[in-house]
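Reader: I have this protein open on my screen and would love a close look at a single part of it. Could you walk me through one region at an easy pace?

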Amino acid sequence: MGRLLGQVRHGYCKTCPLGYILSNGVAGVIFNDNTKIVQYYDDTLFFYITRHSKDSEEISNVYNFHNYPEELRKKVTLMTIFKSYLEKGGKETEIVGHKKKLVYVRRWRRTNHSVFFELSNGVVQATFEDKTGIIIDKENKMVSYYNKKREFISYDLATAIDSENPEMIKRLLYTKKVLTKHSEKNAKVPLTEEKPATPPKADPQ
């Protein structure tokens, strides 16, 4: 499981969208209407991702920054503002990604003690107020923990709870509790089982 440094801005205002940058060059914004803009690696294209309903798959359309629908202008402008801010510093955290395919933040939520991120590759991460974090990769059956110094250690998901790291165990149990609560509340669409948007093969001019 590769590790990519990402910068994520998240305010305490519930009406604020979330902007982020991953270290593989992908930047994105999740808007309040659950639409998303994800900038492609070469800075010329972006994906606009929508969903017809909560239970439906995400739909992705790709546009050129010099040629896109007028109704997206406000969102594209906000996207560039977020990216400019984050490139200058912003609030930093660790986000998991993969350089061989487009990986983006599909959903996020805030709890009293942490911020949860779900990536399009199924990885779930909880970043805590003390700058520690838990990353769960179900596909590779791994869980990673990083401390305040950004020192990473990974465990087998099945046996992580039996480790001798009490700080990791405490955060892992909290993360599982939040994920279980969410899955029970949204049984039809569990947190980590939605299908990510499929980027179009065509490269628009």
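Reader: In what order do the 6 strands of the open sheet follow one another, and is the pairing parallel or antiparallel?

Author: Happy to. Please keep in mind that this is a predicted model. The open sheet has 6 strands in the order β8-β9-β10-β11-β12-β13, and the pairing is antiparallel. At its edges are β8, residues 105-110, and β13, residues 152-156, each of which pairs on one side only. On average, neighbouring strands in this sheet are turned by 15° against each other, with direction ignored.

Let's settle on β12, which covers residues 142-146. This strand is mostly covered, since 4 of its 5 residues are buried. On one side, β12 is joined by 5 bridges to β11, residues 133-137, and the two run antiparallel. Within that pairing, V143 of β12 is the bridge partner of I136. On the other side, β12 pairs with β13, again in the antiparallel sense and over 5 bridges. Here you can pick out Y145 opposite I153 of β13, and Y146 opposite F152 of β13.

The turns at the two ends of β12 are worth a look too. The hairpin of β11 and β12 has 4 residues between the strands, and K141 there takes a positive phi near 55°. In the hairpin of β12 and β13, 5 residues lie between the strands, and R150 has a positive phi near 65°.

A little further back along the sheet, the loop between β10 (124-128) and β11 holds K131. Its phi is near 75°, a positive value in a residue other than glycine. K131 is exposed, with a relative accessible area of 53%. You will find a similar entry at N34, whose phi is positive and near 70°. N34 belongs to the loop between β3 (27-30) and β4 (36-39), and this residue is exposed as well, at a relative accessible area of 56%.

Now for the aromatic rings. The count comes to 5 aromatic pairs. In one of them, the ring centres of F46 and F65 are 4.9 Å apart and the planes meet at 50°, so the pair is tilted. This pair links distant parts of the chain: F46 is in strand β5 (residues 45-50), while F65 is in the loop between β6 (59-64) and α1 (73-87), 19 residues apart. Both residues, F46 and F65, are buried. Ring pairs also gather F46, Y63, F65 and Y68 into a cluster.

Two rings have a charge for company. The charged end of R171 sits over the ring of F128, 5.8 Å from its centre. Likewise, K75 lies over the face of F31, at 5.2 Å from the ring centre.

Finally, a word on confidence before you take any of this to the bench. The protein chain averages a pLDDT of 77, and 74% of the residues score at least 70. Confidence is highest in β5, at a mean of 93, and lowest in strand β1 (residues 4-9), at a mean of 46. Over residues 1-7, pLDDT stays under 50, and the model has 38 contacts beyond four places in sequence for them. Residues 188-205 also stay under 50, with 48 such contacts in the model.

Terms used. Residues numbered from 1 in each chain as written. Predicted model: local features only at pLDDT ≥ 70, side-chain atom pairs only at ≥ 80, totals over all residues. Heavy atoms only, no water. Pairing = 2+ DSSP bridges. Axes fitted to C-alpha atoms, helices over the stretch in contact; angles between N-to-C directions. Phe/Tyr/Trp six-rings, centres within 6.5 Å; stacked < 30°, edge-to-face > 60°. Buried < 20%, exposed > 50% of the residue type's maximum accessible area, 1.4 Å probe, protein only. Lys NZ or Arg CZ within 6 Å of the ring centre and 35° of its normal. pLDDT = per-residue confidence, 0-100. Contact = heavy atoms within 4.5 Å.
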